[in-house]
Every structure is written in structure tokens, then in C-alpha cells.
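This report describes selected features of a single protein chain. It covers a helix, a set of charged contacts, a pair of strands and the cysteines.

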Amino acid sequence: MSEGGYAIELYFDPALENQVLKAWNVLARRQISSQLIEIESRPHITLYSTPFIDPTKLESIIKTFASKQEPLPLSLSTIGCLPNDNNILFLAPTPSLSLLQFHSQLCDAMRKEGIEISEEYRPDNWIPYCAVAQDVPKARMGESLCVLRDLKLPVAGYAMDIGLVEFSPVREFFSFVLGNTLEG
């Protein structure tokens with residue numbers, strides 16, 4: 001994640017966010033990885049990412065999209081790692097139909113506005129996950145997985161907001177509550 005870019009992120013209700021932060025903090029205390037804390041990220045699931053985009057173009061798309069959605073039930077149920085150079089450890093939500101539809105509707109809304117969806121974020125390829133550590137030293141992968149196993153999964157809650165950030169460090173451009181019920 002050293003290269004910069006933009007990401008559309010899905011954020012959790014406070015209780016679920018705290019469960020993820022617990023994992024970040026344990027891994028940081030054990031000096032396995034504290035990068036997500038250092039770049040000032042927030043626990044999230046990445047829905048889309050791109051090296052370059054005009055944030056103002058996305059703002060109206062996402063605002064409209066969010067207003068048509070409801071808070072989305074999530075259950076972080078599995079632990080995994082991505083087999084790429086970043087050695088990312090993650091908690092993954094059960095890929096429920098509602099989560100997959102949410103993502104594919106967002107992709108449709110963006111495509112309608114002429115935004116290109118790269119291979120890894122196309123609905124049939126996308127892997128939803130919530131990163132808990134990155135650049136984990138290979139020698140400490142096993143230990144890290146054990147630490148995460150102590151979390152007593154699954155942890156359930158809701159996705160409540162969707163936002164756009166630039167990284168890294170992480171800077172939020174905007175975020176909208178799903179269902180926008182607060183604006184009434």
C-alpha cells in the first residue's frame with residue numbers, strides 16, 4: 001500500500017469497529033504490525049480502489065447510492081491472509097447475498113457514470129475483507145493468526161457508512177450514512 005490512491009470504504013457500527021481495533025492493538029503491542037494505526041486508517045472493507053479519480057465526481061454517485069441503502073448486517077467470520085507482497089492479514093465477512101448485491105449495485109452506479117472498475121473490484125472477482133495488519137513478517141504469520149483466533153469470531157454488526165479516502169496517510173474526503181436517515 002505504499003503507492004498512493006483512492007478507496008471507497010465501508011465503515012462499521014462502533015461496537016464492530018471496536019472489535020477490529022482490538023485486533024489492531026494486540027498486533028501492535030506484540031510489535032507484529034502497527035501500520036494501519038500509523039497511517040490513521042479506520043477499520044473498513046474496501047469496495048473499490050484506484051490510483052487516480054476525481055473525488056467530486058464520486059461524491060454525488062456515492063451520496064445517491066448511500067441514500068437508497070439500509071445499514072448492512074455483517075458478520076466477520078473468518079481469518080485470512082492475502083498471498084501478495086503486502087502480507088496482509090484480515091478478518092473476512094461472511095459473503096452474504098446482501099453484501100455482494102450492495103457491492104455490485106455500487107459498481108453499476110459507477111459504471112453508469114463512465115468509471116472504469118478494475119479487475120480485482122469487479123463483482124465476480126471482489127474479495128471482501130477487513131485488514132487487521134499489513135507487511136506482516138513471514139516468520140510471524142503463524143503467531144499473528146493465533147492472536148486473531150483469540151478474538152472469538154464471528155463478531156457481528158452493521159456496515160453504517162460509506163466514504164472516500166485518499167491514502168496514505170489516510171485522509172477522508174466525505175462519508176455518507178447508509179439510508180441517510182439522519183437528514184430526515
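Is Arg-122 buried, partly exposed or exposed? The relative accessible area of Arg-122 is 27%, so this residue counts as partly exposed. The model discussed here is predicted, and the values below are computed from it.

**Salt bridges**

Arg-122 takes part in a salt bridge with Glu-119, in which the closest N and O atoms are 2.6 Å apart. The structure contains 7 salt bridges by the rule applied. Three of them, including the one just described, are set out here.

| Basic residue | Acidic residue | Closest N and O atoms |
|---|---|---|
| Arg-122 | Glu-119 | 2.6 Å |
| Arg-140 | Glu-143 | 3.1 Å |
| Arg-30 | Glu-143 | 3.4 Å |

Glu-143 appears with Arg-140 and also with Arg-30; Arg-30, Arg-140 and Glu-143 are thus members of a linked salt-bridge network. As for the contact of Arg-30 with Glu-143, the two atoms concerned lie 3.4 Å apart. Arg-30 belongs to the loop between α1 and α2 (35–38), whereas Glu-143 belongs to helix α5 (residues 141–149), so the pair ties together parts that are 113 residues apart in sequence.

The members of the network are partly exposed: Arg-30 has a relative accessibility of 43%, Glu-143 has a relative accessible area of 30%, and Arg-140 has a relative accessibility of 23%.

**Helix α1**

Does the length of helix α1 agree with what its residue count predicts, and what is the expected span? Helix α1 comprises 16 residues (residues 14–29), which at 1.5 Å a residue should span 22 Å; the C-alpha atoms at its ends are 22 Å apart, so the two values agree.

The buried residues of α1 are Leu-16, Glu-17, Val-20, Ala-23, Trp-24 and Leu-27. Because they cover an arc of only 115° around the axis, they lie on the same side of α1. Pro-14 and Arg-29 are exposed and sit on the face of α1 turned away from its buried side.

At the N-terminal end, α1 is capped by Asp-13, with a side-chain oxygen 3.0 Å from the backbone nitrogen of Ala-15. Just after the helix, Gln-31 adopts a positive phi of about 55°.

Asn-25 is also located in α1. Its relative accessibility is 36%, so Asn-25 counts as partly exposed. The C-alpha atom of Asn-25 is separated by 9.3 Å from that of Val-132, although these residues are 107 residues apart along the chain.

**Strands β1 and β2**

Strand β1 (residues 5–12) pairs with β2 in the antiparallel sense, over 5 bridges. Within this pairing, Ala-7 stands opposite Ser-49 in β2. Strand β2 (residues 45–50) is mostly covered, with 6 of its 6 residues buried.

**Cysteines**

How many disulfides does a search of the whole structure find? The search finds 0 disulfides. Cys-81 is in no disulfide, and the nearest cysteine sulfur to its own, that of Cys-146, is 12 Å away. Cys-146 likewise is in no disulfide, its nearest cysteine sulfur being that of Cys-81. A disulfide requires the two sulfur atoms to lie within 2.5 Å. With a relative accessibility of 39%, Cys-81 counts as partly exposed; Cys-146, at 40%, also counts as partly exposed.

Note on methods:
Residues are numbered from 1 along each chain as its sequence is written. This is a predicted model: local features need pLDDT of at least 70, side-chain atom pairs count only at pLDDT 80 or more; totals for chains, interfaces and linings use all residues. Side-chain values use heavy atoms; hydrogens and water are left out. Helices (H or I, at least four residues) and strands (E, at least two) are DSSP runs, numbered from the N terminus. The expected span of a helix is 1.5 Å times one less than its number of residues. Buried means under 20% relative accessible area, exposed over 50%, partly exposed in between (1.4 Å probe, protein chains only). The arc is that of the directions from the helix axis to the C-beta atoms. A polar contact is a pair of N or O atoms within 3.5 Å; within protein, one must be able to donate a hydrogen and the other to accept it, and residues adjacent in sequence count only if both atoms are side-chain atoms. A salt bridge is a side-chain nitrogen of Lys or Arg within 4 Å of a carboxyl oxygen of Asp or Glu. Two strands pair if DSSP finds at least two bridges between them.
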